[in-house]
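Q: I'm new to this structure and would love a close look at a single part of it. Could you pick one strand and walk me through its surroundings?

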Amino acid sequence: MSTAYVPPPVKKEGAEASDQKVHRIRITLTSRNVQNLEKVCSDLKRGAVEKKLHVSGPVRLPTKHLRITTRKAPSGEGTNTWDRFEMRIHKRLIDLHAPSDVVKQITSIQIEPGVNVDVTINDR
């Protein structure tokens with residue numbers, strides 16, 4: 001027996017036009033810079049709360065650590081010294097329940113450099 005998530009009903013004051021279909025929208029934000037990522041998340045959430053939409057998130061997903069270990073000496077001669085480089089990729093999820101035109105208004109904020117935004121619309 002599966003229990004599916006049912007979003008709460010959206011009030012008329014939150015959605016400006018009641019004849020529009022309410023979509024389940026997932027916004028995925030990825031970045032190497034945590035400060036820029038958190039700023040974009042807070043701006044998106046603030047815009048959604050001002051429109052009185054149902055918002056869940058930002059959900060902080062585990063950080064990916066991309067590591068490369070390489071020899072310092074280009075010829076392989078000399079002592080075995082190594083360089084270790086690491087790139088961290090941070091990811092956040094924000095879920096909205098709103099019509100698609102309201103989401104366009106919310107996502108029209110200034111997005112910091114280096115932050116990738118992916119918007120997915122689920123209709124079930």
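A: Here is a tour of strand β1, starting with the chain as a whole and ending with the core.

Please keep in mind that this is a predicted model. The chain contains two helices and four strands, and from the N terminus on these elements follow the order β-α-β-β-α-β. Of its 124 residues, 27% count as buried. The chain exposes about 8800 Å², and carbon and sulfur atoms supply 51% of that area. Contacts often reach far along the sequence: among those between residues at least 6 apart, 76% join residues at least 24 apart.

Now to β1 itself, which spans residues 23-31. This strand is mostly covered, with seven of its nine residues buried. β1 has pairing partners in both β3 and β4. With β3 (82-98), the pairing is antiparallel and extends over nine bridges. Here Ile27 stands opposite Ile94 of β3. With β4, which covers residues 115-122, β1 is joined by eight bridges, again in the antiparallel sense. One place to find this pairing is Arg24, whose bridge partner in β4 is Asn122.

Thr28 is a good residue to pause at, and it lies in β1. Its relative accessible area is 12%, and because buried means under 20%, Thr28 counts as buried. What does Thr28 touch, leaving aside its neighbours within four places in sequence? Its contacts are Lys91, Arg92 and Leu93, together with Asn116, Val117 and Asp118.

In a regular strand, side chains alternate between the two faces of the sheet. With that in mind, let us turn to the nonpolar core. The largest one has 17 residues, and those with the most contacts inside it are Ile27, Leu29, Leu44, Ile94 and Leu96. β1, α1 (34-50), β3 and α2 (100-106) each supply at least two residues of this core. The largest share, five residues, comes from α1. In soluble globular proteins, nonpolar side chains tend to be buried together.

Leu44 brings several of these names together. Not counting residues up to four places away in sequence, Leu44 touches Ile27, Leu29 and Ile94, as well as Ile106, Thr107 and Ile109. Ile27 and Ile94, the pair that stand opposite each other across β1 and β3, are thus a handy place to begin when you explore the model: both are in contact with Leu44, and both are listed among the residues with the most contacts inside the core.

Note on methods: Residues are numbered from 1 along each chain as its sequence is written. This is a predicted model: local features need pLDDT of at least 70, side-chain atom pairs count only at pLDDT 80 or more; totals for chains, interfaces and linings use all residues. Side-chain values use heavy atoms; hydrogens and water are left out. A nonpolar core is a set of buried Ala, Val, Leu, Ile, Met, Phe, Trp, Tyr and Cys residues joined through side-chain atoms within 4.5 Å. Buried means under 20% relative accessible area, exposed over 50%, partly exposed in between (1.4 Å probe, protein chains only). Contact means heavy atoms within 4.5 Å. Accessible areas come from the Shrake-Rupley method with a 1.4 Å probe; for residues, only the protein chains shown count as cover. Two strands pair if DSSP finds at least two bridges between them.
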